[in-house]
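Reader: Could you take me carefully through the structure shown here, explaining each term as we meet it?

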Amino acid sequence: MSGQTTTPAPDQVSAADDEWLPESDFSAAATDESWRGVATEDEEVSVEVGVKLQSRSRRLLGSLLRPHLRTLLVMVAIAVVEQGSYLAGPLVVAYGINSAIPALVAGNGAPLTWTAIVYLTAGVLNALSRAAFTRVGARVTQAVMVDLRERTFRHSQSLSLEFHEKYTSGKVISRLSSDVETLQELAAEGLEQLASSVLSILVISVTLVVYDVELGLIALAAFLPIFVLTRWYQKRSQAIYRRSRSAIAATIVQFAETMNGIRAVQAFRRESKNKAIFGRVNGDYSKATGDSLVALAIYTPGLRLVGNITLAVVMLVGAGRVIDGSFQIGDLAAFLLYVRRMYDPLEELAYFYNGLQSATAALEKISGLLEERPSVPEPAEPTALADEIDGAVRFSDVTFAYNPRTPVLPRFDLVVPAGQTLAVVGATGAGKSTLAKLLSRFYDPTSGSVTLDGVDLTDLSTADLRRGVVMVTQESFLFAGTVADNIALGRPTATRAEIEAAADAIGAGEFIRLLPDGFDTDVRKRGGRLSAGQRQLVGFARAFLADPAVLILDEATASLDIPSERAVQHALKSILVGRTAVIIAHRLSTVLIADRVLVMEAGRIVEDGSPEELIADDGHFAGLHTAWRDSLV
Ligand SMILES: Nc1ncnc2c1ncn2[C@@H]1O[C@H](COP(=O)(O)OP(=O)(O)OP(=O)(O)O)[C@@H](O)[C@H]1O
Ligand SMILES: [Mg+2]
């Protein structure tokens with residue numbers, strides 16, 4: 001039979017132990033395909049760049065900040081105090097020059113002493129309010145980040161298999177790690193600066209015009225060239241940012257793919273080709289980074305130049321006003337100080353622009369993930385199953401396609417009476433695993449219905465569904481923890497005796513007891529300490545303990561050696577009593593224990609009958625049987 005590969009391809013071997021791509025215990029497809037699912041962010045590079053928030057980002061930000069509304073108001077109050085004390089400086093200087101120093105010259109030192117005291121007080125107030133702002137800000141930031149990380153984790157975990165087969169685990173991980181990190185960095189380092197810069201620019205602009213309309217307008221006229229310069233910088237830096245994101249994504253993909261497939265890379269001598277590709281993408285990234293620094297190197301000196309020209313013009317015009325007596329020298333000093341203080345924050349904002357762009361993109365991506373809805377949602381009002389589920393299964397008029405263009409099941413009808421053991425055979429890609437995924441409701445049919453004891457699977461609660469149907473796939477996923485913990489996953493309330501009994505029933509007790517700590521042996525990450533066959537036996541024990549009405553085995557014995565497979569087959573006879581079973585297998589020895597065999601071809605049932613009937617029929621199955629018998633000779 002074509003698909004009878006018991007030795008996995010190198011790629012698949014590497015998938016089993018790579019860090020990035022945990023596959024679900026119940027997911028057959030994830031095992032086969034996850035190696036490709038490295039952090040391929042390329043399709044996301046098209047994400048809108050710039051700092052404008054899309055509506056879903058705004059919604060997310062709103063829902064994250066809402067619980068902290070009061071603290072945020074306190075922060076605004078602190079920021080106002082901070083700005084007030086900062087902006088008081090030049091006014092105090094003006095008073096000092098205009099009044100306090102002439103008073104001192106006239107022999108009265110008190111005004112100048114007071115001026116110094118007020119100036120100092122403003123300085124201290126500014127320092128204190130800044131410290132307070134940072135502390136309160138850090139508290140809010142941390143609370144928001146914890147909330148965001150938790151939401152992302154909880155939400156991704158709850159999404160359906162369909163989502164996870166498309167949106168690779170590498171991407172989910174980068175949402176949880178680097179994107180949250182980007183936001184955190186901006187919040188921790190930039191937010192305070194950002195808030196005070198924007199506030200400074202606004203307040204100073206108003207102050208200048210109120211202070212003196214003519215000079216104020218001259219100072220503000222400089223905003224025109226600044227606006228042009230800033231638009232140029234924004235456009236340029238958006239384009240570079242886009243390039244640098246594609247380049248870094250390509251670099252990560254190349255790196256992750258090489259490391260995930262390191263066995264295939266080394267087995268097929270792909271190192272030098274990989275090295276060349278990596279060198280190219282890495283070079284692209286470095287070029288983009290260089291260009292972004294060049295743009296900054298034009299922008300900030302440009303800003304400074306405009307600032308200095310403005311300062312000179314204000315000084316000239318101001319000097320004329322002082323001479324004709326309509327402006328005092330202290331006022332001019334204050335004015336010049338304000339103009340200076342308006343340009344510094346502008347420059348700071350330029351430095352933040354890149355961080356702000358990354359943060360906006362990160363927020364957009366996280367909110368996109370959080371707004372994904374499960375494709376197989378739990379019904380709002382589930383139909384309850386009886387305590388004793390019989391396990392009668394029916395597919396009526398089912399059609400199914402992963403994507404609309406290629407139907408996998410064109411039209412499928414099947415009735416499996418309660419308690420029947422049904423074997424499903426057929427060539428690779430015939431749709432056997434798809435059938436299993438529909439029956440365990442990892443997917444919903446495109447049309448038609450799948451029922452358990454007469455109830456549509458879409459009307460069942462998740463608890464009833466998992467009580468009713470359990471699937472064991474070729475790769476059993478073990479979590480870090482003891483063997484006993486891993487078996488108990490089938491039924492968390494099981495006692496130790498029940499766990500051991502389940503292992504014994506399936507024939508796994510013997511090898512488990514030989515492990516260093518028996519049932520308490522830590523299996524390490526992903527069960528790395530056990531062989532593939534041993535992991536599989538633990539998976540069987542887990543499913544047996546779960547005691548489902550319908551048990552699906554999707555090539556579940558493929559990684560076992562002949563004696564273990566025999567043992568499992570033997571055990572299956574007793575395990576399957578009183579339960580419905582769907583056994584997908586390539587080995588005929590497994591199929592022969594079934595009451596009924598289904599042969600599938602391109603999503604259709606082409607033969608259906610007891611093994612004896614089908615062998616006698618001289619059809620497809622009879623051919624397989626003969627080939628199998630011949631191979632034994
Ligand atoms: N997640 C998926 N997205 C898109 N197409 C898929 C997906 N999983 C399977 N397919 C396609 O559906 C068809 C049936 O696949 P399925 O996994 O059901 O085959 P199978 O009979 O289990 O094969 P095998 O014996 O190799 O396990 C195949 O053509 C496959 O390419
Ligand atoms: Mg399959």
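Author: The radius of gyration is taken over C-alpha atoms, and the globule rule used for comparison is 2.2 Å times the number of residues to the power 0.38. The model is a predicted one, in which local features need pLDDT of at least 70 and side-chain atom pairs count only at pLDDT 80 or more, while totals for chains, interfaces and linings use all residues. Residues are numbered from 1 along each chain as its sequence is written, and side-chain values use heavy atoms, with hydrogens and water left out.

Reader: What radius of gyration does the protein have, beside that of a compact globule of 633 residues?

Author: For a compact globule of 633 residues, one would expect a value near 26 Å. Along its principal axes, the C-alpha trace spans about 125 × 50 × 50 Å. The radius of gyration of the protein itself is 35 Å.

Reader: How far apart do the C-alpha centres of domain 1 and domain 2 lie?

Author: The domain bounds come from an automatic or database domain assignment, which gives domain 1 as 45-370 and domain 2 as 393-631. The distance between their C-alpha centres is 56 Å.

Reader: Why does Leu104 count as partly exposed?

Author: Leu104 is found in helix α4, residues 69-105, where a helix is a DSSP run of H or I with at least four residues, numbered from the N terminus. Buried means under 20% relative accessible area and exposed over 50%, with partly exposed in between (1.4 Å probe, protein chains only). Leu104 counts as partly exposed because its relative accessibility is 41%.

Conventions:
Chains lettered and ligands numbered in written order. Helix = DSSP H or I, 4+ residues; strand = E, 2+ residues; numbered from the N terminus.
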